[in-house]
Amino acid sequence: MVLSKTSSESDDSVHSTFASRYVRTSLPRFEMPENSTPKEAAYQIINDELMLDGNPRLNLASFVTTWMEPECDKLMMASINKNYVDMDEYPVTTELQNRCVNIIARLFNAPLKEEETAIGVGTVGSSEAIMLAGLAFKRNWQNKRKAEGKPYDKPNIVTGANVQVCWEKFANYFEVELKEVKLSEGYYVMDPIKAVEMVDENTICVAAILGSTLNGEFEDVKLLNDLLIEKNKQTGWDTPIHVDAASGGFIAPFIYPELEWDFRLPLVKSINVSGHKYGLVYAGIGWVIWRTKQDLPEELIFHINYLGADQPTFTLNFSKGSSQVIAQYYQLIRLGYEGYRNVMENCRENAIVLRKGLEKTGRFNIISKDEGIPLVAFSLKDNSLHNEFEVSETLRRFGWIVPAYTMPADVQHVTVLRVVIREDFSRTLAERLVSDIVKVLHELDTLPARLNDKMVEVEENNLMINNNNNNVKKTEIEVQRAIADFWKKYVLARKASVC
């Protein structure tokens with residue numbers, strides 16, 4: 001598998017107009033240059049290329065924070081050279097991480113006594129946090145099965161088909177069967193009743209999502225907990241729950257405080273949350289919190305002493321920067337409960353403004369729910385002439401990055417556009433986005449209709465017939481390439497007709 005690729009349409013050198021006052025020779029694109037480059041030239045070359053990146057503030061596809069206060073930026077730059085793993089050398093940084101863990105654990109209603117220390121760790125994001133939580137569930141399940149003299153070679157985990165790809169990675173990398181609850185039309189999150197039906201003696205946990213990536217909806221963790229308690233009583237199992245609160249963990253406590261989804265529910269044993277999403281920190285920080293010390297097997301914790309003192313570590317990586325940990329602590333004490341509530345309420349209000357503006361056009365169905373992550377997921381009421389992908393592509397001309405995607409299996413015929421409302425997305429931007437979407441719709445209405453699905457189906461059938469006539473069975477990738485070539489020819493023909 002190729003993890004990187006190079007552009008075939010450019011030459012093998014990097015050129016910069018303004019850097020020519022410092023250096024006249026071009027730089028090799030994919031090899032280290034033989035000689036050093038003046039710092040001014042190196043800066044200018046890279047800066048010129050980065051100008052072509054999208055504007056992070058207008059990247060409405062991402063949940064990740066794109067703005068922080070200048071004071072926090074200063075703290076991050078001052079600590080950018082600190083390796084977080086050197087706990088003995090940077091004890092204050094370690095202390096700040098421990099404070100974050102305890103603050104977040106109490107925010108999630110962990111059953112801690114007044115002087116008791118919470119169990120948790122900072123990670124590079126929720127993906128690593130989920131891997132660690134999954135490993136803890138797997139090891140606890142294996143240890144129990146071994147003690148009972150039962151097989152422990154076929155663990156599984158139950159999730160909805162709407163889970164983020166990191167769950168598929170966990171299942172693949174750590175050899176755990178992923179049992180997905182299928183979605184249905186109009187119901188795009190995991191059904192707790194169906195999830196509990198899929199639980200068996202080999203289920204290490206059921207994973208619930210507090211804020212689906214697809215439409216922002218919160219799954220019903222309370223109902224899942226209650227149903228699972230009854231099943232555990234009937235079967236004698238003790239199947240637990242993990243809550244993937246990557247997006248919703250810093251939202252629900254502030255604007256939905258009565259919603260029971262966290263450690264108030266007895267079967268919730270661990271929770272992950274992304275500090276770099278609605279924790280309001282730049283990319284690179286996540287957290288995983290365990291209910292009690294017993295929920296994190298001691299055997300998974302490593303102890304090292306070659307950095308100066310005995311240091312416990314439970315992470316998938318080792319070295320990482322300290323800046324994001326410090327930034328998280330800054331946000332927690334800077335904003336406090338009141339500040340986070342104000343930010344989240346403002347995001348929710350701006351989401352409502354955007355949703356009402358889209359509804360007013362009369363052209364969209366709203367897929368997202370009122371209660372959940374502040375985002376708006378929507379689809380065209382009529383996509384027979386032009387579809388959501390064309391809307392997404394045309395919006396880029398206005399600077400907006402709005403993703404279009406299909407739903408998972410069983411509802412893949414539903415295509416959705418999604419706008420994530422972050423702290424730096426104002427009401428003015430929401431109104432401007434609606435205005436630009438209306439312009440895009442008017443522009444598309446004047447263009448010829450796209451190639452309809454029936455014609456694509458006919459072309460695919462023709463490819464299959466040709467394969468059969470030649471008695472040569474093409475591979476899946478060959479069929480995909482043939483279809484792609486067909487689409488390219490169509491697009492070129494369409495451009496020619498427009499000109």
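A crossing of two helices is right-handed if the near helix is turned clockwise from the far one by less than a right angle. In this predicted model, helix H2 passes helix H9 in just such a right-handed crossing. The two elements span residues 70-78 for H2 and residues 323-361 for H9, and they pack at an angle of about 150° with their axes 8 Å apart. Because angles over 145 degrees count as roughly antiparallel, H2 and H9 are roughly antiparallel to each other.

A closer look at the residues involved fills in the picture. On the H2 side, the contact is made by Glu71, Cys72, Leu75 and Met76, and these meet Ser323, Gln324, Ile326, Ala327 and Tyr330 of H9. Sorted by class, the contact of H2 with H9 comprises six nonpolar residues, two polar ones and one charged one.

The cysteines deserve a word of their own. Cys72, one of the H2 residues in this contact, has a relative accessibility of 0% and so counts as buried, since the cut-off for that class is under 20%. Cys347 has a relative accessibility of 1% and therefore counts as buried too. A search of the whole structure for disulfides finds zero.

Turning to the protein as a whole, the secondary structure comes to 13 helices and 15 strands. The protein has 499 residues, of which 46% count as buried. Among contacts with a separation of 6 or more, 69% are accounted for by residues 24 or more positions apart.

Key. Residues numbered from 1 in each chain as written. Predicted model: local features only at pLDDT ≥ 70, side-chain atom pairs only at ≥ 80, totals over all residues. Heavy atoms only, no water. Disulfide = S-S within 2.5 Å. Buried < 20%, exposed > 50% of the residue type's maximum accessible area, 1.4 Å probe, protein only. Axes fitted to C-alpha atoms, helices over the stretch in contact; angles between N-to-C directions. Helix = DSSP H or I, 4+ residues; strand = E, 2+ residues; numbered from the N terminus. Parallel < 35°, antiparallel > 145°, perpendicular 65-115°, else oblique. Contact = heavy atoms within 4.5 Å. Nonpolar A, V, L, I, M, F, W, Y, C, P; charged D, E, K, R; others polar.
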